[in-house]
Amino acid sequence: TAAFFACGTTPPFSPSNDSVVFEQYDGTNWTSGPNLNTARVSAAGGGDTTTGIVFGGEVRPGPARTNKTENWDGTSWTTSPATMGTGRSDSSRALGTGSATANIAAGGYTTTSVANAEEYNKTTTVRTAAAWSAGGTTTTSKRGTFGAVNSTQTAGLIAGGYTTTFVNESEEYNGTTWTEGDNLNTARAYAACAGTQTAAAASGGTVSPPSGTPFPDQSNACEEYNGTSWSNNPNNLTQARERLGAGGTAGAGAFFGGYGTPPAQYFGLTEEFNGTSFSEGPDMGTAASNGTYCGETTEALLWAGGQTPSSVATTQEFDGSSWTNGGAMPEARHGQFAFGAQT
């Protein structure tokens with residue numbers, strides 16, 4: 001009552017007749033479409049008219065045995081990044097309990113008959129198995145540090161932080177060990193830093209709380225790092241704030257979002273840095289702090305989640321001219337971390 005038929009070929013069995021056709025059966029009638037992305041014969045699959053999978057098969061002319069997997073979500077077919085370890089045709093598949101999320105490809109044909117088997121598992125809760133190995137420890141235990149947003153595993157930079165007081169240390173990582181570098185001029189935590197290990201610009205952050213008030217004190221001081229030492233830039237952020245985001249380079253960067261007191265408020269302010277001074281850019285659509293952010297250039301910045309003061313799931317993208325909403329995260333949260341590029 002919920003079956004499907006996919007791909008195949010028709011007489012005279014030439015490659016031009018190999019099919020991407022998809023048909024669904026409801027127990028009474030067959031209906032066509034939508035089609036798959038890759039025509040193939042002698043493939044295997046599983047699932048039903050709600051969720052389905054097709055894998056392997058022969059793609060002609062060639063002949064070439066494919067390792068491509070396609071998934072059906074009840075609306076359309078998409079090519080999955082989960083490819084088979086061995087592309088093959090004519091493999092057996094799980095019957096009865098075989099589904100779009102749990103299946104098997106056993107045996108089959110490449111350029112000869114093969115005996116190996118592969119299992120397919122798709123879930124929203126199991127992460128890909130991997131292993132962490134211990135790297136070098138930082139020279140000082142601390143929290144609230146801020147790192148150059150475009151650092152790499154073998155050329156990292158962190159600065160500032162908090163132990164029992166605010167610290168001004170900076171440290172560099174070479175892929176094996178951390179070594180202490182030049183100190184910041186302003187001890188602070190929860191600032192933001194654009195650029196790399198050898199060319200960075202840092203601004204904002206929390207500094208020592210002012211005496212006699214319950215509010216922490218935020219900084220608007222900007223400092224630049226040349227790979228050897230930090231120097232004060234006389235041009236500071238317009239708005240002092242902490243837990244803000246940064247992206248781009250030391251010569252073409254942006255600082256956005258954040259939190260400031262008193263009174264307690266969240267900012268959607270964007271300030272662009274040209275290596276010398278700041279200029280005000282377009283505001284974010286949602287004012288927030290403590291979100292996750294990344295971006296190699298100021299034409300492709302990303303901010304996701306954060307506090308408003310409640311946690312949010314919104315994603316915001318900056319193209320150098322304006323902020324637009326991207327796809328929302330599955331759950332609202334703040335204080336998480338991102339890496340990579342906007343895409």
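**Exercise 1. Which strand is joined to E13 by 2 bridges, and in which sense do the two run?**

Strand E13 is joined to E14 by 2 bridges, and these strands run antiparallel; strands here are DSSP runs of at least two residues, numbered from the N terminus, and two strands pair if DSSP finds at least two bridges between them. The model is a predicted one, in which local features need pLDDT of at least 70 and side-chain atom pairs count only at pLDDT 80 or more, while totals for chains, interfaces and linings use all residues. Residues are numbered from 1 along each chain as its sequence is written, and side-chain values use heavy atoms, with hydrogens and water left out.

As a next step, locate the residues: Gly147 has Ile158 as its bridge partner in E14. Widening the view, an open sheet of 4 strands has the order E13-E14-E15-E16, with antiparallel pairing. E13 and strand E16 (178-180) are at the edges with a single partner strand each, so one side of each has no neighbour in the sheet.

**Exercise 2. Which residues are closest to the centre of the largest pocket, and which strands supply its lining?**

Begin with the volume, which is about 1,400 Å³ for the largest pocket. On a 1 Å grid over the protein atoms alone, a pocket is an open set of points where a 1.4 Å probe fits, with protein on both sides within 12 Å along at least five of seven lines, and lining residues have an atom within 4 Å of a point; the volume is the space filled by probe spheres set on the points.

The lining counts 39 residues, of which Gly147, Ile158, Phe337, Ala338 and Phe339 are the closest to the centre. At least two lining residues come from each of strand E13 (146-147), strand E14 (156-159) and strand E29 (292-294). Sorted by class, the lining holds 18 nonpolar, 19 polar and 2 charged residues, where Asp, Glu, Lys and Arg count as charged, Ala, Val, Leu, Ile, Met, Phe, Trp, Tyr, Cys and Pro as nonpolar, and the others, Gly among them, as polar.

**Exercise 3. Are the faces of strand E5 covered, and which strands pair with E5?**

Consider first what the geometry leads one to expect: in a regular strand the side chains alternate between the two faces of the sheet. In strand E5 (residues 52-55), Gly52 and Val54 on one side and Ile53 and Phe55 on the other are all buried, and both faces are thus covered; buried means under 20% relative accessible area, exposed over 50%, and partly exposed in between, with a 1.4 Å probe and protein chains only.

Turning to the partners, strand E4 (residues 44-47) is joined to E5 by 4 bridges and the two run antiparallel, with Ala44 having Phe55 as its bridge partner. E4 and E5 form a hairpin with 4 residues between them. E5 also pairs with strand E8 (residues 69-72), in the antiparallel sense over 4 bridges, and the partner of Gly52 in E8 is Trp72.

**Exercise 4. How many disulfides are there, and how far from Cys222 is the nearest cysteine sulfur?**

Apply the criterion, under which a disulfide is a pair of cysteine sulfur atoms within 2.5 Å; the count comes to 0 disulfides. Cys222 is in no disulfide, and the nearest cysteine sulfur, that of Cys193, is 9.4 Å away. Cys222 counts as buried because its relative accessibility is 1%.
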